[in-house]
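Grab a coffee and pull up the viewer. Here are a few exercises on reading charge pairs in a fold, each with a worked solution.

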Amino acid sequence: VKKSGLSEQLSQEERKRQEAIFEVISSEHSYLHSLEILIRMFKNSTELSEAMTKTEHHHLFSNISDVCEASKKFFKELEERHNQSLVIDDISDIVCSHAESNFDPYITYCSNEVYQQRTLQRLIGSKNSAFKEVLTRIEGHPDCRNLPMISFLILPMQRITRLPLLMDTICQKTLKDSEHYETCKKALQAVSKVVRKCNEGARTMERTEMMYTINSQLDFKFK
């Protein structure tokens, strides 16, 4: 954009809007790359799978493959829009469409968070040395950049809660009399709705587990 001289033709507000749009695209690319590392290095590791039960494996990774597929579809459309022009007209319509029809895997994944965290704590804190040894070895691989597995596991939660903030920035930088403003507001509402559903799902699962724990601890005595 700078080399072409286009940046000089844009107003300061439009430049900031373009930066906010590009931030959504570039951060989705980086996020998708990290998801692929999580699946390839951790979820698909035979050694790691053998060091835990199938239930534990499901609690740890849940539907991360579906989340990754959702991100691939989202990024594909963002990239196609980016390739159409150096100055991006708008991405709000893409964000809105995916929030309404493609982001359900995030709700399932975030709802599983309580099981994921407790399963990981239990596996690391147990006497299961095989799990810890394999995990440490994988985390030390150059592809993982010495990051712990938990930093990859929490990425979907971080991403879905960050999207409304990014869309809010684009809204603020979009002129209210612009043709894109209403679409941008609609996109912001759509991603915010997904985040609310993610939070509600997580709270529901936590309450369910709490009730199950209380129930298992109660000792009913009948004459």
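The exercises below go from the whole chain down to single side-chain pairs, and the model is a predicted one.

**Exercise 1. Work out which secondary structure elements the protein chain has, and how much of the chain is buried.**

Solution. Start with the elements: the protein chain has 12 helices and 0 strands. Read along the sequence, that gives one α after another, α-α-α-α-α-α-α-α-α-α-α-α. Next, look at burial: 43% of the 223 residues are buried. Finally, check the surface, which comes to about 13100 Å², with 52% of it belonging to carbon and sulfur atoms.

**Exercise 2. Find what share of the contacts with a separation of 6 or more comes from residues 24 or more positions apart.**

Solution. Take the contacts in the protein chain with a separation of 6 or more, then pick out those between residues 24 or more positions apart: they account for 78%.

**Exercise 3. Decide whether R159 and E28 are buried or exposed, and say which parts of the chain their salt bridge ties together.**

Solution. Step one is the general idea: side chains of opposite charge can pair when their charged atoms come close. Step two is the distance. The salt bridge between R159 and E28 has N and O 2.8 Å apart, and the cut-off is 4 Å. Step three is location: R159 sits in helix α11 (residues 155-173) and E28 in helix α2 (residues 12-43), so the pair ties together parts that are 131 residues apart in sequence. Last step: both R159 and E28 are buried.

**Exercise 4. Set the R81 and D93 pair beside the K185 and E182 pair, and say which helices hold them.**

Solution. Take R81 and D93 to begin with. Their closest N and O atoms are 2.9 Å apart, in a salt bridge. R81 belongs to helix α5 (residues 64-84) and D93 to helix α6 (residues 92-101), with their positions 12 residues apart in sequence. D93 is partly exposed, at a relative accessible area of 34%.

Now go to K185 and E182. Here the closest N and O atoms are 3.9 Å apart, still within the 4 Å cut-off. Both residues lie in helix α12 (residues 181-217), 3 residues apart, or about one turn of the helix. K185 is partly exposed at 33% relative accessible area, while E182 is exposed at 52%.

**Exercise 5. Count the salt bridges, and name the residues linked in a network with R17.**

Solution. The count comes to 10 salt bridges. For the network, follow R17: E14, R17 and D90 are linked by salt bridges.

Terms used: Residues are numbered from 1 along each chain as its sequence is written. This is a predicted model: local features need pLDDT of at least 70, side-chain atom pairs count only at pLDDT 80 or more; totals for chains, interfaces and linings use all residues. Side-chain values use heavy atoms; hydrogens and water are left out. Helices (H or I, at least four residues) and strands (E, at least two) are DSSP runs, numbered from the N terminus. Buried means under 20% relative accessible area, exposed over 50%, partly exposed in between (1.4 Å probe, protein chains only). Contact means heavy atoms within 4.5 Å. Accessible areas come from the Shrake-Rupley method with a 1.4 Å probe; for residues, only the protein chains shown count as cover. A salt bridge is a side-chain nitrogen of Lys or Arg within 4 Å of a carboxyl oxygen of Asp or Glu.
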